[in-house]
Amino acid sequence: MMIPLSTKMRPDSLDGFVGQEHFMYKGALLYNAIKNKTFDSAIFFGPSGTGKTTLARIIANEMDANFFELNASVTGIKELKEIIDNAKTRFFGLQNETSYVYIDEFHRWNKLQQDTLLKALEEGAIKFIGSTTENPYFAVNNAVLSRVRSIYEFKRLLAGDILKILARTLADKEKGFGRLAISCEGRALEVLADMSSGDARVALDTLGFIVDNLGSGEAIGVKAVEEAMQRQATFYDRSEDKYNLLSALQKSVRGSDPDAAHHYLARLIDGGADILMIGRRLLVMASEDVGMAYPSAITVVTSCVQAAQMVGLPEARILLAQAVTLLSSCPKSNASMSALESALSDLEKKHIDDVPDHLKDSSYSGAKGRGLGVGYKYPHAYGGYVKQQYLPDNLYREGVKYYKPTENGSEASFKKYLESLGKMR
């Protein structure tokens, strides 16, 4: 029976764990809790192949405790109750030992199944680690969440993290391919790391497939990676190409050319760019390039990107295409971004006076005695607008204007409204 390479290469200690550096690094609270053997219950959530099961097994090794592992997709209450009974015997018996129960795909259990854990958790007979690809705040019962100390979000691995794992696998003489002295041509491993979309399992099992089927003395090349992934490495020949495509996409959207924008979106998707990479850029465009000319763009694009993440590829491309169509076809304005950049520039170049006293916080005792908040006019008491100074004194005297609305799309009506207020001033 062949064990998948991704299973064989799981590290046994924290030193071998790669990625998730936003919560796992030497000196982090989680790292110290594991090393100090004070780790409590936790829930790990995030995409597949990001290290959830690997970290759970490392914790089991480091804690030197009784450890049970279940998968919620194939086990139910009967198996869990047997484990809990075993754990209680150990906890309340001579051993006085806490057991760790790791349940993969925990979101697949219904409320009744999840609630089976509650009493054992309250008694301290078990410590629970659950992993899920779903948001636990929606997929896990509140009663369970309240008894779990921490929830850790696992993010897709960076290409550099996956490259490190692949290189280690080729060098490892015990579990990897170190004894075979496999060589790689050019950027083959980097291409594989990029194409794996942050999933170490995909990367490792693809590497295993390639190595198992290489010809005698043959090196791993980009062509072999493309064949194994069944995808052409469209833009991975040069590391900067994906950024060139993202740049071309944004400039095509900014130029109101939906045909060019869809061309670059197609190249990004075909080249293996993940949803989040594309989605982040689309969200930036919605404010940077469309802005107040069509304020609803950010809402629509956010919905499209979130929905794309929920359904995943290949269907996600339909939602991304809708966002690109909207952004390319609606009026454009960068006036909001320009206003902020002008304000930031003044902060760097000018001495700016303090916040006017009448705008300062007056909610605490003694504020009025210091003259703070005195004289402030509440606009709603005047029908929605009243003439009043808001800028610091020197900027007010200069008559500074940061926001300069255009006549494009909806922004024209905002411009007209602001101009009408100016006449009242």
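Which helices do the buried residues of helix 12 pack against? They pack against helix 10 (188–195) and helix 11 (200–212). Contact here means heavy atoms within 4.5 Å. Helices (H or I, at least four residues) and strands (E, at least two) are DSSP runs, numbered from the N terminus.

This is a predicted model, in which local features need pLDDT of at least 70 and side-chain atom pairs count only at pLDDT 80 or more, while totals for chains, interfaces and linings use all residues. Residues are numbered from 1 along each chain as its sequence is written, and side-chain values use heavy atoms, with hydrogens and water left out.

## Helices 12 and 10

Helix 12 covers residues 222–229, and its buried residues are Ala224, Val225 and Met229. Buried means under 20% relative accessible area, exposed means over 50%, and partly exposed lies in between (1.4 Å probe, protein chains only). Seen down the axis of helix 12, the buried residues fall within an arc of 125 degrees, so they line one face. The arc is taken over the directions from the helix axis to the C-beta atoms. The face turned away from this buried side carries Lys223 and Glu227, which are exposed.

Helix 10 is mostly covered, with 7 of its 8 residues buried. These are Ala188, Leu189, Val191, Leu192, Ala193, Asp194 and Met195. They pack against helix 9 (159–171), helix 11, helix 12 and helix 13.

## Two helix pairs

Two packed helices are described by the angle between their axes and the distance between the axes. Axes are lines fitted to C-alpha atoms, for helices over the stretch in contact, and angles run from 0 to 180 degrees between N-to-C directions.

Helix 13 (residues 241–254) and helix 14 (residues 258–270) cross at roughly 155 degrees, and their axes come within 8 Å. They are therefore roughly antiparallel. Angles over 145 degrees count as roughly antiparallel, under 35 as roughly parallel, 65 to 115 as roughly perpendicular and the rest as oblique. The crossing is left-handed. That term applies if the near helix is turned anticlockwise from the far one by less than a right angle; clockwise makes a crossing right-handed.

Helix 13 brings Lys242, Leu245, Leu246, Ala248, Leu249, Ser252 and Val253 to the contact; helix 14 brings Ala260, Ala261, Tyr264, Leu265, Arg267 and Leu268. By class, the residues of this contact are 10 nonpolar, 1 polar and 2 charged. Ala, Val, Leu, Ile, Met, Phe, Trp, Tyr, Cys and Pro count as nonpolar, Asp, Glu, Lys and Arg as charged, and the others, Gly among them, as polar.

Helix 16 and helix 17 pack at about 165 degrees, with their axes 8 Å apart. Helix 16 is thus roughly antiparallel to helix 17. Their crossing is left-handed. From helix 16, the contact takes in Ala297, Val300, Val301, Cys304, Ala307, Ala308 and Val311; from helix 17, Ala316, Leu319, Leu320, Gln322, Ala323, Leu326 and Leu327. The contact has 13 nonpolar residues, 1 polar residue and no charged ones.

## Backbone turns

Most residues other than glycine have a negative phi, and most peptide bonds are trans. The table lists residues with a positive phi.

| Residue | Phi | Place |
|---|---|---|
| Glu105 | about 55 degrees | loop between strand 3 (99–104) and helix 5 (111–115) |
| Ser197 | about 55 degrees | just after helix 10 |
| Gln230 | about 55 degrees | just after helix 12 |
| Ser256 | about 55 degrees | loop between helix 13 and helix 14 |

Glu105 is partly exposed, at 22% relative accessible area. Ser256 is partly exposed too, at 38% relative accessibility.

The peptide bond from Leu313 to Pro314 is cis, with omega near 10 degrees. Pro314 sits in the loop between helix 16 (297–311) and helix 17 (316–329).

## Two buried residues

Val18 lies in the loop between helix 1 (5–8) and helix 2 (29–35). Its relative accessible area is 11%, so Val18 is buried. Leaving out residues up to four places away in sequence, Val18 touches Leu157, Asp161, Lys164, Ile165 and Arg168. Val18 and Ala193 are 175 residues apart in sequence, and their C-alpha atoms are 14 Å apart in space.

Ser150 belongs to strand 5 (residues 150–153). Ser150 counts as buried, at 19% relative accessibility. With residues up to four places away in sequence not counted, Ser150 touches Ser41, Ala42 and Ile43.
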